[in-house]
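Subject: Structure for you to look at

Hi,

Here is the structure I promised to pass on. Please have it open while you read, as my notes follow below.

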Amino acid sequence: VGNALLDVIMRDHDGLIDRLGLAKGAMTLVDQARAAELLSHMTGTIGVSGGSAANTIAGVAALGGAAGFVGKVGADRFGDSFSDDLESLDVDVHLVRAEPDGECTGRCHVFVADDAQRTMATYLGAANQLSPDEFPEAVAARSEIVYIEGYLFDLPPAKDAIRRIVALAHEHDTLVALSLSDTFCVERHRGDFLDLVTQDVDVLLANESEAVALFQSAGLDPALSYIDELGVLGVITTGPSGAAVAMGGGRVARVPAADVDPVVDQNGAGDLFASGFLYGLAIGADPVEAARLGSLCAGEVISHLGARPEVDLGAMAVTAGLL
Ligand SMILES: Nc1ncnc2c1ncn2[C@@H]1O[C@H](COP(=O)(O)OP(=O)(O)OP(=O)(O)O)[C@@H](O)[C@H]1O
Ligand SMILES: [Mg+2]
């Protein structure tokens, strides 16, 4: 469950990110007026369906998994194409539509710098309006894992929605997985995240800076120790050096990243790592095997522009001996 967004992507070769005053490498929330302003400065763009959890679920489907997506879009053509894209991947799509006079489909402006790092400015639009009663109980009931992107916490009604989703998951013995999404997002919602992780989360996904921000720890190792103490299965990605998995009882394993050359666009690295990791867990792989699958999927998505996989990840994993 996550934000349904249209990604508008461009390469930035000449410092547009700085000129627009955006925080490099981060996701900034913008209002409709600022979104329009940003778009007016963007050239050579491609528009594709995005959103962090939606990218992850596209990856799960590309691995051959049974996957669904819950989110909200506007009553506009972007909402249609978002839905069509996910359906074409065999994702079980549960999109709520805003009223015709309501918010339009959310949009994420993505700037990819020459070092492949991506900077994002997101106008949430309709994505920000998902309310608790719009989450279908049957979806939680038949899932192995309900995966929530941390970005959802930016939505005013979302805290209630997340509470209901988590309660439904617990009721149906479905695992609750949470991605911390972004360092600034963690800083905006640190208390809520800590409560959720302490009380409700079974599987925590984060990159290193997000984990450090959540636990206010002095680095990766103490963050892993906190996760261990909470009794949560945690995976912390560390960019080109791979990922660390905290499996409980003080057991921590390191899993290397894929060898990717050239890295074209970092966008989607964390999302696709989550695809492999969650799919692995859902089919009963151990957490280290699941993280290996995560590295493989992340490696594919950063080898091209855009945050959705471009190959049959299931076949790729079979070739790599991981499925
Ligand atoms: N340069 C790289 N080469 C190979 N793999 C990489 C590289 N960068 C990232 N990855 C893969 O992607 C995973 C996630 O990357 P990272 O830790 O940067 O997450 P992130 O910061 O959440 O990424 P995102 O930009 O999607 O938010 C890593 O664990 C690794 O498997
Ligand atoms: Mg990330």
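Let me begin with helix α6 (residues 158–171), which lies across β8 and β9 (175–179) and runs at about 165° to β8. Please keep in mind throughout that this is a predicted model.

The two strands under α6 belong to an open sheet of 6 strands, ordered β8-β9-β10-β11-β12-β13, in which the pairing is mixed. At its edges stand β8 (145–149) and β13 (252–255); each has a single partner strand, so one side of each is left without a neighbour in the sheet. From one strand to the next, the twist averages 15°. Within this sheet, strand β10 (residues 203–207) pairs with strand β11 (residues 233–237) in the parallel sense, over 5 bridges. If you want a landmark there, take Ala206, whose bridge partner in β11 is Ile236.

There is also an open sheet of 5 strands, again with mixed pairing, and its order is β2-β7-β6-β1-β3. Here the edge positions go to β2 (27–29) and β3 (46–50); since each has a single partner strand, one side of each is left without a neighbour in the sheet. The twist in this sheet averages 25° from one strand to the next. Strand β6 (residues 106–113) and strand β7 (residues 118–123) are paired in the antiparallel sense over 6 bridges, and Val110 stands opposite Met120 in β7. Helix α4 (residues 77–88) lies across β1 (5–12) and β3, at about 65° to β3.

Now to a helix pair. Helix α9 (residues 208–215) packs against helix α10 (residues 220–230) at an angle of about 65°, and their axes are 9 Å apart. The crossing of α9 past α10 is left-handed. From α9, the contact draws on Glu208, Ala211, Val212 and Phe215, and from α10 on Leu220, Ala223, Tyr226, Ile227 and Leu230. Sorted by class, that contact has 8 nonpolar residues, no polar ones and 1 charged.

Where is there empty space? Starting with the largest pocket, about 1100 Å³ lies in it. Its lining has 50 residues, and those nearest the centre are Arg118, Asn207, Gln266, Ala269 and Gly270. Helix α11 (residues 269–282) gives the most to this lining, with 5 residues. The lining of the largest pocket has 22 nonpolar, 21 polar and 7 charged residues.

The second largest pocket has a volume of about 570 Å³. It is lined by 26 residues, with Ala66, Ala67, Gly68, Ser143 and Ile145 nearest its centre. Two or more lining residues come from each of α3 (52–62), β4 (68–73), β5 (92–97), β8 and α11; the largest share, 4 residues, is that of α3. By class, the lining of the second largest pocket divides into 17 nonpolar, 5 polar and 4 charged residues.

Last, the interior. How many cavities of 30 Å³ or more does a search of the whole structure find? The search finds 1, and the volume of the largest cavity is about 30 Å³. Lining this cavity are Leu130, Leu152, Leu155, Ala158, Ala161, Ile162 and Ile165. That lining comprises 7 nonpolar residues, with no polar and no charged ones.

Happy to talk any of this through once you have had a look.

Best wishes

Definitions and conventions
Residues numbered from 1 in each chain as written. Chains lettered and ligands numbered in written order. Predicted model: local features only at pLDDT ≥ 70, side-chain atom pairs only at ≥ 80, totals over all residues. Heavy atoms only, no water. Axes fitted to C-alpha atoms, helices over the stretch in contact; angles between N-to-C directions. Left-handed = near helix turned anticlockwise from the far one by under 90°. Contact = heavy atoms within 4.5 Å. Nonpolar A, V, L, I, M, F, W, Y, C, P; charged D, E, K, R; others polar. 1 Å grid on protein atoms, 1.4 Å probe; cavity = no way out; pocket = protein on both sides within 12 Å on 5 of 7 lines; lining within 4 Å. Points joined across faces, edges and corners; volume = space filled by probe spheres on them. Pairing = 2+ DSSP bridges.
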